[in-house]
Each structure stands twice: as C-alpha cells, then as structure tokens.
Amino acid sequence: VRSNRSDAKIALTEMANLQEKFYSEFGIYATTPAEMNFPDEVGDHYDVAVRNATATAYTLAAVPRADSGQERDDLDCPELTLNNLGVREPAACWGR
C-alpha cells in the first residue's frame with residue numbers, strides 16, 4: 001500500500017515539473033496529463049488527472065483505481081493532490 005502511494009507521489013511531483021515546463025513554453029497550464037505526454041495512470045493502482053487548470057493555477061490528483069485494491073486498503077488516503085503552489089493534500093498522507 002505504501003509503495004503504491006509512494007509511486008503516486010512521485011508521479012504527481014513529475015507532473016508538477018512537466019506543468020511548469022508546459023507553462024514556460026505555452027504561457028498556460030496543461031489541462032490533461034496527455035498534453036504533457038504523461039500517462040493517466042500510475043502502474044495498476046492509481047489514476048492521475050489535472051483538475052481546475054487555469055492560465056495561472058492547477059491541481060493534480062492521484063486517485064486509487066477502483067479495481068486495484070488500493071482504495072480498499074488505503075482508506076486514510078483516498079486521494080492525493082498537489083497544486084501549483086506546492087501544497088500537498090492530505091498532508092498526513094504525504095508525510096507517511
């Protein structure tokens with residue numbers, strides 16, 4: 001469970017770096033992982049998405065896949081998010 005969550009955290013951090021690169025090139029943030037040439041899933045356990053992307057802000061999310069068992073085994077961390085300010089939610093799940 002923790003190693004899968006760790007993979008999701010790494011993916012969100014990589015996506016954040018790609019978002020900044022995308023912004024520097026196009027002047028806006030990407031609205032989908034595909035726009036950044038990033039897959040929309042992390043292994044077999046998480047789906048990732050861009051939420052609330054605007055010209056000046058974004059939130060990235062990793063959600064356990066319904067068929068992976070992660071959602072059942074990791075009830076304390078139903079979703080991980082990272083935004084353009086570097087805010088990681090829920091904080092307790094990022095610290096584990």
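Helices here are DSSP runs of H or I with at least four residues, and strands are runs of E with at least two, numbered from the N terminus. With that in hand, a friendly place to start is Ala91, which is found in helix 3 of this predicted model. Ala91 is exposed, with a relative accessible area of 55%, because exposed means over 50%. Ala91 and Leu80 are eleven residues apart in sequence, yet their C-alpha atoms are 8.9 Å apart in space.

Leu80 leads on to strand 4. This strand spans residues 80-83, and both of its faces are covered. On one side Leu80 and Leu82 are buried, and on the other side Thr81 and Asn83 are buried too. Strand 4 takes part in pairing with strand 3, to which four bridges join it in an antiparallel arrangement. Within this pairing, Asn83 of strand 4 is the bridge partner of Thr59. Strand 4 also pairs with strand 5, again in the antiparallel sense, over two bridges. Here Thr81 has Glu89 of strand 5 as its bridge partner. Thr81 is thus met twice in this account, as one of the buried residues of strand 4 and as a bridge partner of Glu89.

The hairpin formed by strand 4 and strand 5 has four residues between the strands, and Gly86 in this hairpin takes a positive phi near 85°. Moving further along the chain, Glu89 is joined to Pro90 by a cis peptide bond, with omega about -25°. Pro90 itself lies in the loop between strand 5 (88-89) and helix 3 (91-94), the helix in which Ala91 is found.

Backbone geometry of this kind deserves a word of context. Most residues other than glycine have a negative phi, and most peptide bonds are trans. Against that background, two asparagines invite a look. Asn37 has a phi near 60°, a positive value in a residue other than glycine. Its setting is the loop between helix 1 (2-26) and strand 1 (41-42). Asn37 is exposed, and its relative accessible area is 73%.

Asn52 is the other asparagine to visit, with phi near 55°, which is likewise positive in a residue other than glycine. Asn52 sits in the loop between strand 2 (46-51) and strand 3 (59-64). Asn52 is exposed as well, with a relative accessible area of 61%. The strand that follows this loop, strand 3, is the one joined to strand 4 by four bridges, which brings the description back to the buried residues of strand 4.

Notes
Residues are numbered from 1 along each chain as its sequence is written. This is a predicted model: local features need pLDDT of at least 70, side-chain atom pairs count only at pLDDT 80 or more; totals for chains, interfaces and linings use all residues. Side-chain values use heavy atoms; hydrogens and water are left out. Buried means under 20% relative accessible area, exposed over 50%, partly exposed in between (1.4 Å probe, protein chains only). Two strands pair if DSSP finds at least two bridges between them.
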